[in-house]
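This report is a reading aid for the model shown below. Please keep the sequence and the structure in view while reading.

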Amino acid sequence: MSQAIIIAFVENIAASPRLRRYAETAVSQGALLVCADSGGEAALGWGLTPDWVVGDMDSIRPAARTALESIPTVTWRIVPPEKDETDLELALYTALEQGARNLTILGGLGGRLDHTLGNLYLLATPHFGEVGAKLRLLGEREEIFLLRGGEELQLTGQPGELVSLIPLSSEAKAVRTEGLYYPLRAESLFLGPSRGISNHLVGPTAKVTFEDGLLLVIHSFA
């Protein structure tokens with residue numbers, strides 16, 4: 001499965017060492033690098049050259065845009081501000097069009113609440129499931145996965161790190177967990193009640209599976 005890194009809004013480029021290390025490693029291993037608007041500025045700040053810069057260019061600073069425009073290998077997809085999709089959504093579709101199916105979004109958390117919620121719900125876009133794409137949001141303090149019924153997630157972390165399970169569908173059916181302090185044994189989680197909040201790892205790994213629905217898994221780093 002080909003990999004793509006999509007850099008979204010990063011609240012503090014200089015104070016995001018986890019994101020920088022991840023981007024540097026992934027790009028060195030051949031991952032496609034797609035930047036959503038001001039994500040191009042983050043790439044520059046980390047010494048990386050985007051393969052694509054996508055968006056309406058309303059948030060990237062002029063100096064960063066000029067610097068990127070001087071790099072002949074950068075491909076641009078500039079769209080008008082009057083559009084139905086966010087820049088991040090267009091960046092994700094661009095990555096899919098280039099053949100990527102393992103997509104990690106860097107940033108996209110913090111800042112405006114409406115954008116943060118929109119980015120979380122964006123993970124559940126049906127088309128991504130239809131084409132077999134796997135999506136993850138990676139922040140400096142947490143990682144967020146979207147699981148669809150029948151999928152399995154293996155988590156790696158440190159004992160005590162928080163793991164929350166939050167349905168995005170009306171019901172996530174028959175959830176099973178291993179390696180978490182509060183186990184679920186083929187039990188359903190429902191949209192609204194907070195039962196799946198603030199579980200935690202008891203060892204270095206955990207597993208989450210379920211049968212039907214949509215489920216966010218939020219892993220907070222120590």
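The text goes from the overall fold to the main pocket, then to single residues.

## Overall fold

The model is predicted. Its secondary structure comes to 6 helices and 14 strands. The radius of gyration is 18 Å, close to the 17 Å that the globule rule gives for 222 residues, so the protein is as compact as a globular protein of that length. Along the principal axes, the C-alpha trace spans about 55 × 35 × 30 Å.

Of the 222 residues, 48% are buried. Among contacts between residues at least 6 apart in sequence, 65% join residues at least 24 apart.

## The largest pocket and its helices

Empty space is shown by rolling a probe the size of a water molecule over the atoms. The largest pocket in this model has a volume of about 490 Å³. Its lining is made up of 21 residues, and the ones that lie nearest its centre are Phe 9, Ser 59, Thr 86, Asp 87 and His 115. Two elements give two or more residues to this lining, namely helix H4 (87-97) and helix H5 (113-122). H5 provides the largest share, with 4 residues. By residue type, the lining divides into 5 nonpolar, 9 polar and 7 charged residues.

How many residues of H4 are buried? The count is 9 of 11, so H4 is largely enclosed by the rest of the structure. The buried residues of H4 are Asp 87, Leu 88, Glu 89, Leu 90, Ala 91, Leu 92, Thr 94, Ala 95 and Leu 96. Asp 87 is thus a buried residue of H4 and is also among those nearest the centre of the largest pocket. Just after H4, Gly 99 takes a positive phi of about 95 degrees.

Asn 119 belongs to H5. With a relative accessible area of 11%, Asn 119 is counted as buried, because the cut-off for buried is under 20%. Beyond its neighbours within four places in sequence, Asn 119 is in contact with Leu 88, Gly 108 and Leu 137. One of these partners, Leu 88, is among the buried residues of H4.

## Accessibility of selected residues

The table lists relative accessible areas for four residues.

| Residue | Relative accessible area | Class |
|---|---|---|
| Asp 37 | 1% | buried |
| Ser 16 | 6% | buried |
| Asn 119 | 11% | buried |
| Ser 198 | 39% | partly exposed |

## Residues in loops

Ser 16 is in the loop between strand S1 (3-7) and helix H1 (17-28). A polar atom of the Ser 16 side chain lies 2.6 Å from the backbone oxygen of Asn 12. Not counting residues up to four places away in sequence, Ser 16 touches Val 10, Trp 46 and Glu 140.

Asp 37 sits in the loop between strand S2 (32-36) and helix H2 (39-45). Its phi is near 50 degrees, which is a positive value in a residue other than glycine. The relative accessible area of Asp 37 is 1%, so this residue is buried.

Where is Ser 198? It lies in the loop between strand S11 (185-190) and strand S12 (199-200). Ser 198 is another residue other than glycine with a positive phi, here near 60 degrees. Its relative accessibility is 39%, so Ser 198 counts as partly exposed.

Tyr 182 is placed in the loop between strand S10 (171-178) and S11. Leaving out residues up to four places away in sequence, Tyr 182 touches Thr 177, Ser 198 and Asn 199. The loop residue Ser 198 is therefore one of the contacts of Tyr 182, because they have heavy atoms within 4.5 Å. The C-alpha atoms of Tyr 182 and Leu 201 are separated by 9.2 Å, and these residues are 19 apart along the chain.

## A residue in strand S8

Gln 154 lies in strand S8 (residues 152-156). Its side chain and that of Glu 152 are joined by a polar contact of 2.9 Å. With residues up to four places away in sequence not counted, Gln 154 touches Ala 206 and Lys 207. Between Gln 154 and Gln 29, which are 125 residues apart along the chain, the C-alpha separation is 22 Å.

Notes. Residues are numbered from 1 along each chain as its sequence is written. This is a predicted model: local features need pLDDT of at least 70, side-chain atom pairs count only at pLDDT 80 or more; totals for chains, interfaces and linings use all residues. Side-chain values use heavy atoms; hydrogens and water are left out. On a 1 Å grid over the protein atoms alone, a cavity is a set of points where a 1.4 Å probe fits but cannot get out, and a pocket is an open set with protein on both sides within 12 Å along at least five of seven lines; lining residues have an atom within 4 Å of a point. Grid points are joined across faces, edges and corners, and a volume is the space filled by probe spheres set on the points. Ala, Val, Leu, Ile, Met, Phe, Trp, Tyr, Cys and Pro count as nonpolar, Asp, Glu, Lys and Arg as charged, and the others, Gly among them, as polar. Buried means under 20% relative accessible area, exposed over 50%, partly exposed in between (1.4 Å probe, protein chains only). A polar contact is a pair of N or O atoms within 3.5 Å; within protein, one must be able to donate a hydrogen and the other to accept it, and residues adjacent in sequence count only if both atoms are side-chain atoms. The radius of gyration is taken over C-alpha atoms; the globule rule is 2.2 Å times the number of residues to the power 0.38.
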